[in-house]
Amino acid sequence: MPIPRRALVAVAVALVLPLSACGSGDSGGSTDASGKIEGDITFQTWNLRANFKPYFEGVVADFEKKYPGTHVKWIDQPAEGYADKISADAAGGTLPDVVNVSPDLVAPLAKAGLALDLDKSAAQYKKEYLAGAWAGHQVPGMTGTYAFPWYLNTGPLFYNKSLFEKAGLDAAQPPTTYDELFTDALRLADKSDGKVATLANVPTVEDFGRYGVELMNKEGTAFSFNDAKGVQLLTKYAELYDAKALDPQALTATPESSGKKFLTGAVAMNPGSALDLGNFKKQAPNLYKNIGITDQITSTGKVNMYVMGVMVNARTKHTPAAVAFAHFVTDADNQMSFAKKVAIFPSTAGSLDDPYFTKEDGTDETRVRVAAAKSLKNAVNYTPVLFSEQMKTALRNEIAKALQGKQSPKAALDNAVKACDTLLRQQG
């Protein structure tokens, strides 16, 4: 299962889970989840069977045992094209009963009336989850919550102590502010004659959020990341790019390519997770010996959080069973069990206080897990719910032009906001 290194989208770039369904037809279903829990539902996961087959078979078996009148059919889909599949199912009336979604996937489904409002149909479960996680699948401009929170993720910044020391920097004092980051990055590039970049990726919308930029108006009707602070951040990145403190290939970087740059010592810092430590140990033992671990850099005091959820199709014909199963998959016991199999974090209230997430044992892996769990308690999902893949591409394209000197940072962000606002209006 591919784990994106770029702040590890919660493992889920390979972990998004739906539930396809019997009963998801064109006719509207009931929003009342209080009836008898019975009926056949189909549970469709996204590229999970290869790595987690016993876990999900166990969850299904436990649910059917708890509710003898139910039957859950589990189907697994490949990772490629998942968003397109959700869109096609929604248009064709074949949307699964329960769909594991990211916030940006749930927004158009909620707007189309296909996502059950859990504030109305399952409000009794709200207190079981972290408040920030429950809010993760709310849509600006709409009232309601449209998915159960499932798993969360965040990660530290890794840095190469050896590269810092060669540049005359104190490897025990990595940058903790953006000003320090930019200063250190320029020094690393200068001391290495442009051979060592500090960062491998252009800024994304979440980077603007961490920098303290207001990304969108509160009504959810327009983007605003072209403000003075946004322009300031992009101007800094342009300086880094010119000095080769930002990797020259950042314009086309992928999580995998950025990870390789870090492994080979061409890049001094890279976001990651506890999963990466084992990879460093195996593939780059010299890097592992020199690995530094520090917190994400923010101007807000709150790190970025990735959140995944499990949505109930508003048109399911088995609302009580679909809601019960979505809740079952995301309850504290099942989330904790899943979190111990892969480097993710539960969204359920109190779970992050478990010794598994609070007690050190001297290993780097545990150090990363404990630090990440602590930071998640007040973390923010900076990526706006309404920020689609097309918008991400529009922003990236305009940023590339600014870094290449084809337009000013202000013009780039103005154009990106204009393009994203146009796409926003097309969402309806």
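Reader: In which helix is the place of D179?
Author: This is a predicted model, in which local features need pLDDT of at least 70 and side-chain atom pairs count only at pLDDT 80 or more, while totals for chains, interfaces and linings use all residues. Residues are numbered from 1 along each chain as its sequence is written, and side-chain values use heavy atoms, with hydrogens and water left out. Helices (H or I, at least four residues) and strands (E, at least two) are DSSP runs, numbered from the N terminus. On that naming, the place of D179 is in α7.

Reader: Does D179 count as buried or exposed?
Author: A residue is buried under 20% relative accessible area, exposed over 50% and partly exposed in between, using a 1.4 Å probe and protein chains only. The relative accessibility of D179 is 54%, so D179 counts as exposed.

Reader: What distance separates the C-alpha atoms of D179 and K236?
Author: Along the chain, D179 and K236 are 57 residues apart. In space, the separation of their C-alpha atoms is 9.5 Å.

Reader: Which residue in the loop between α7 and α8 is D193's counterpart in the loop between α9 and α10, where a positive phi is found in a residue other than glycine?
Author: D193 lies in the loop between α7 (178–191) and α8 (205–210), and its phi is near 55°, a positive value although D193 is not a glycine. D193 is exposed because its relative accessibility is 68%. In the loop between α9 (228–242) and α10, a positive phi near 65° belongs to a residue that is partly exposed, with a relative accessible area of 43%, namely K244.

Reader: In what order do the three strands of the open sheet stand?
Author: Strands of a sheet pair through backbone hydrogen bonds, either parallel or antiparallel. Here two strands pair if DSSP finds at least two bridges between them, and in this open sheet the pairing is antiparallel. The three strands stand in the order β7-β6-β8.

Reader: Which strands stand at the edges of this sheet, and what is the average twist from one strand to the next?
Author: The edge strands are β7 (269–271) and β8 (291–294), and because each has a single partner strand, one side of each is left without a neighbour in the sheet. From one strand to the next, the twist averages 25°.

Reader: Which residue of β7 is the bridge partner of F158?
Author: Strand β6 (residues 157–160) pairs with β7 in the antiparallel sense, over three bridges. In that pairing Y159 stands opposite M269, while the partner of F158 is N270.

Reader: Which residue of β8 is the bridge partner of L157?
Author: β6 and β8 run antiparallel and are joined by four bridges. L157 and Y159 point one way from β6 and F158 and N160 the other way, and all are buried. On β8, I291 and I293 point one way and G292 and T294 the other way, and all of these are buried as well. F158 stands opposite I293, and the partner of L157 is T294.

Reader: At about what angle to β7 does helix α10 run?
Author: Axes are lines fitted to C-alpha atoms, for helices over the stretch in contact (heavy atoms within 4.5 Å), and angles run from 0 to 180 degrees between N-to-C directions. Helix α10 (residues 255–263) lies across β6, β7 and β8, and its angle to β7 is about 140°.

Reader: What is the distance, C-alpha to C-alpha, between F225 and V213?
Author: F225 is found in the loop between α8 and α9, and F225 is buried because its relative accessible area is 0%. Leaving aside neighbours within four places in sequence, F225 is in contact with a set of residues including F208, V213, L215, F387 and C420. F225 and V213 are 12 residues apart in sequence, and in space they are apart by 6.1 Å.

Reader: About how much space lies in the second largest pocket?
Author: On a 1 Å grid over the protein atoms alone, a pocket is an open set of points with protein on both sides within 12 Å along at least five of seven lines, and lining residues have an atom within 4 Å of a point. The second largest pocket is lined by 22 residues, with V380, N381, Y382, T383 and P384 nearest its centre. Its volume, the space filled by probe spheres set on the points, is about 580 Å³.

Notes. 1 Å grid on protein atoms, 1.4 Å probe; cavity = no way out; pocket = protein on both sides within 12 Å on 5 of 7 lines; lining within 4 Å.
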